Amino acid sequence: MLAQRVIPRGDVKMKKQILTALVLCVLLLTVASLATPATAQEEGTTQPTTHEVTVTGDVMEFTPADLSINKGDTVYFHWSVPNMEHNVAQSSSADSNEYDGQGWRSGDTSKTVDFNVTFDNVGTFFYICEPHAAAGMKGSIKVFDPDAMT
């Protein structure tokens, strides 16, 4: 049988001690629940970000043409240009005017493009608009490992 202890009405001192103990327990539990383990952010790892590259109007250039991003980030290439068709394709160097045949490519040229590339490797990646590369429609993406910089 479970023993129960009834606190007499007149024992106010005992009631205050029990109430104080309960309040301290609740306070400690609240503080403990707020103390979370270190997140990836605190350990130096950044959260992936999406960067935007566009083409506007009749201008034959990517905006921005050159980016510096972190490993794991995504670049979102998009445009809706009524007068001219474009695409985006990885090239082998800043001087190249051709798709490298191995990297990413948005497909055939189009007036409307929505294309995402996620960069999981560190390095410099070059890209072009295939029909307008000779006219200078090119860019580069430098990918860094933020964890390696600490």
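Is Y127 buried or exposed? Y127 is buried, with a relative accessible area of 0%. Buried here means under 20% relative accessible area, so 0% places Y127 in that class. This is a predicted model, and Y127 is a good place to enter it. The residue sits in strand β6. Its C-alpha atom is separated by 8.1 Å from that of S92, although the two residues are 35 apart along the chain.

Now step back to the whole protein. It has one helix and seven strands. Read along the sequence, the pattern is α-β-β-β-β-β-β-β. The protein has 150 residues, and buried residues make up 27% of them. Take the contacts between residues at least 6 apart in sequence: 62% of these join residues at least 24 apart.

Next come the strands. Four of them form an open sheet in the order β2-β7-β6-β4, with mixed pairing. β2 and β4 stand at the edges. Each has a single partner strand, so one side of each is left without a neighbour in the sheet. Neighbouring strands of this sheet are turned by 35° against each other on average, direction ignored.

Follow β4 to its partner. β4 and strand β6, residues 123-128, run antiparallel and are joined by three bridges. On this border, S91 has F126 of β6 as its bridge partner.

β3 and β5 also pair. They do so in the antiparallel sense, over seven bridges. Here S80 has T112 of β5 as its bridge partner. T112 also helps to show the two faces of β5. The covered face holds V113, F115 and V117. The uncovered face holds T112, D114, N116 and T118.

Turn to the interior. The largest nonpolar core has 22 residues. Within it, F62, F77, F119 and I141 touch the most other members. The elements that give two or more residues to this core are β2, β3, β5, β6 and β7, the last spanning 138-144.

The aromatic rings deserve a closer look. A pair of aromatic rings is described by the distance of the centres and the angle of the planes. The count comes to nine aromatic pairs. One of them joins F62 and F77, edge-to-face, at 6.4 Å centre to centre and 75° between the planes. This pair links distant parts of the chain. F62 lies in the loop between β1 (50-54) and β2 (66-70), while F77 lies in strand β3 (residues 74-80), 15 residues apart. Both F62 and F77 are buried.

F77 has a second ring partner, W104. Their ring centres are 5.7 Å apart and their planes stand at 35°, so the pair is tilted. The tilted class lies between the stacked one, under 30 degrees, and the edge-to-face one, over 60. This pair too links distant parts of the chain, with F77 in strand β3 and W104 in the loop between β4 (89-91) and β5 (112-118), 27 residues apart. F77 and W104 are both buried.

These rings belong to one aromatic cluster, formed by F62, F77, W79, W104, F115, F119, F125 and Y127. So the cluster brings back Y127, the residue of the opening.

How does F62 sit among its neighbours, and which residues does F62 touch? Leaving out residues up to four places away in sequence, F62 touches V53, T54, V55, W79, N87, V88, Y127, I128, C129, M137 and K138. Y127 is thus named among the contacts of F62. The loop between β1 and β2, which holds F62, also holds P64. A cis peptide bond joins T63 and P64, with omega about -10°.

One more ring has a charged neighbour. R105 lies over the face of Y99, at 5.8 Å from the ring centre.

End at a residue of the other kind. D108 lies in the loop between β4 and β5. D108 is exposed, with a relative accessible area of 62%. The cut-off for exposed is over 50%, so D108 falls in that class. Not counting residues up to four places away in sequence, D108 touches H86 and N87. D108 and N87 are 21 residues apart in sequence, but 6.4 Å apart in space, C-alpha to C-alpha. Y127, by contrast, is buried at 0%, and D108 is exposed at 62%.

How values were computed:
Residues numbered from 1 in each chain as written. Predicted model: local features only at pLDDT ≥ 70, side-chain atom pairs only at ≥ 80, totals over all residues. Heavy atoms only, no water. Phe/Tyr/Trp six-rings, centres within 6.5 Å; stacked < 30°, edge-to-face > 60°. Helix = DSSP H or I, 4+ residues; strand = E, 2+ residues; numbered from the N terminus. Buried < 20%, exposed > 50% of the residue type's maximum accessible area, 1.4 Å probe, protein only. Lys NZ or Arg CZ within 6 Å of the ring centre and 35° of its normal. Pairing = 2+ DSSP bridges. Axes fitted to C-alpha atoms, helices over the stretch in contact; angles between N-to-C directions. Core = buried A, V, L, I, M, F, W, Y, C linked by side-chain atoms within 4.5 Å. Contact = heavy atoms within 4.5 Å.
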